[in-house]
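Visitor: I am new to this structure and would be grateful for a close look at one part, its interior spaces. Please then carry on to whatever may be joined to that part.

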Amino acid sequence: MMDTRLLKYFESIARNKNITRAASELHISQPSLSKQMKMFEQELDCKLFKRNTREITLTDAGKVLYKHSVQILQQLKNATKEMEDVKNVGLGEISIGAYVTSIPWLCRIIPEFKRKYPHIPIKIKEMGAEEIAESLKKYDVHIGITSNCQDTDVLKFTPVFEEPLVLITPLHHHFNNREEVSFTDLDGEPLIFFPNNYHTRQIIMAAFTQHDIKPNIAFETSRTSSIISLVASELGSALIFESHLNSQIEKNINIIQVNNPMIKRTLYTAIHHDRNLPSIIHELNSLISQFFISNQTYSQ
């Protein structure tokens, strides 16, 4: 049987690639850590590390053990968090990882939940899609609000609403009398984009590729508020989804519909398939879904 303490020591050294940094992280002395790892290698009867003057790297056996140690240690953390959920049912906080654009409508749902459970704190963490998925898998959040349906073997997704794409332009723009535009109209238009790793950008780029158009990307920024400010400053136009505008009341832009009903974004709630979540979490997840069923479509 492997000692989980030694697995933790090994994982830290492997991840840091330096025994001094690992010792500092683990709050033990470097000689003690070195001694523990030599004993661990003797116990396993194989070398785990290649030691040189620059950094510590893993042997083939070390690479195998590292893969499993990461999984084992994460499972132990998850088990601890799940036990905390059981012990604190009705008492502990609820953690939600959400797109920033989903927070305004979450604020319309949570008061109803709080009327029934006034003493349960709710923590909302603003995250991107990849961070939401990782946080769910690491049990750092109970519920995710995301548009990227990934790792469906681990995570369970429930669609809650679809929203269309819109074009925002400066007030004094040659599209200012248009009610809608097509993608071909945007050929050559200076556009402001989210960064490459944003799901919204990936959806929009796929649409441009479908129309065989290379977009004219004038600026990139990660914040919706910055995109809207750049558009208002007449530095370009931008394609965004409607909910991006929900908390961004801006008088110095035009909002124009995009003539392509196929380009929509679906927003989902997500939970971990295997996590033993308290019933109160499932109740909140259902409340979010019911909110959109009762409202039929998203409205700002």
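Guide: What follows begins with the cavity, continues with the aromatic rings and the pocket, and ends with two loops. The model is predicted, so local features need pLDDT of at least 70 and side-chain atom pairs pLDDT 80 or more, while totals for chains, interfaces and linings use all residues. Residues are numbered from 1 along each chain as its sequence is written, and side-chain values use heavy atoms, without hydrogens and water.

Rolling a probe the size of a water molecule over the atoms shows where empty space is left. On a 1 Å grid over the protein atoms alone, a cavity is a set of points where a 1.4 Å probe fits but cannot get out; a pocket is an open set with protein on both sides within 12 Å along at least five of seven lines; lining residues have an atom within 4 Å of a point. Volume is the space filled by probe spheres on the points, which are joined across faces, edges and corners.

The structure holds one cavity of 30 Å³ or more, and the largest cavity has about 30 Å³ of space. Its lining consists of Ile192, Phe193, Phe194, Arg201, Ile204, Ile227 and Leu239. Strand E8 (190–193) and helix H7 (199–210) are the elements that give two or more residues to this lining; helices (H or I, at least four residues) and strands (E, at least two) are DSSP runs numbered from the N terminus. By class, the cavity lining has six nonpolar residues, no polar ones and one charged residue (nonpolar: Ala, Val, Leu, Ile, Met, Phe, Trp, Tyr, Cys, Pro; charged: Asp, Glu, Lys, Arg; polar: the others, Gly among them).

The lining residue Phe193 also belongs to a cluster in which ring pairs link Phe183, Phe193 and Phe208. Rings of Phe, Tyr and Trp (its six-membered ring) pair if their centres lie within 6.5 Å, and planes under 30 degrees apart count as stacked, over 60 as edge-to-face, the rest as tilted. The whole structure has seven aromatic pairs. In one of them, Trp105 and Phe161, the centres are 5.8 Å apart and the planes stand at 85°, so the pair is edge-to-face. This pair joins helix H5 (residues 103–116), with Trp105, to strand E6 (residues 155–170), with Phe161, across 56 residues. Trp105 and Phe161 are both buried (under 20% relative accessible area; exposed is over 50%, partly exposed in between; 1.4 Å probe, protein chains only). Phe183 and Phe208 are edge-to-face as well, at 4.9 Å centre to centre and 80° between the planes. Phe183 lies in the loop between strand E7 (180–181) and E8, whereas Phe208 lies in helix H7, 25 residues apart. Both of these rings belong to buried residues.

Helix H7 leads on to the largest pocket, since three lining residues, the largest share, come from H7. This pocket has about 650 Å³ of space and 25 lining residues, with Val100, Met127, Gly128, Tyr198 and Ser222 nearest its centre. Helix H6 (129–137), H7 and helix H8 (224–232) each give two or more residues to the pocket lining. By class, that lining has six nonpolar, 15 polar and four charged residues.

Two loop residues complete the view. Most residues other than glycine have a negative phi. Lys17, not a glycine, has a positive phi of about 55°; Lys17 lies in the loop between helix H1 (4–16) and helix H2 (19–26) and is partly exposed at 39% relative accessibility. Asp45 likewise has a positive phi, about 60°; Asp45 lies in the loop between helix H3 (30–44) and strand E1 (49–51) and is exposed, with a relative accessible area of 71%.
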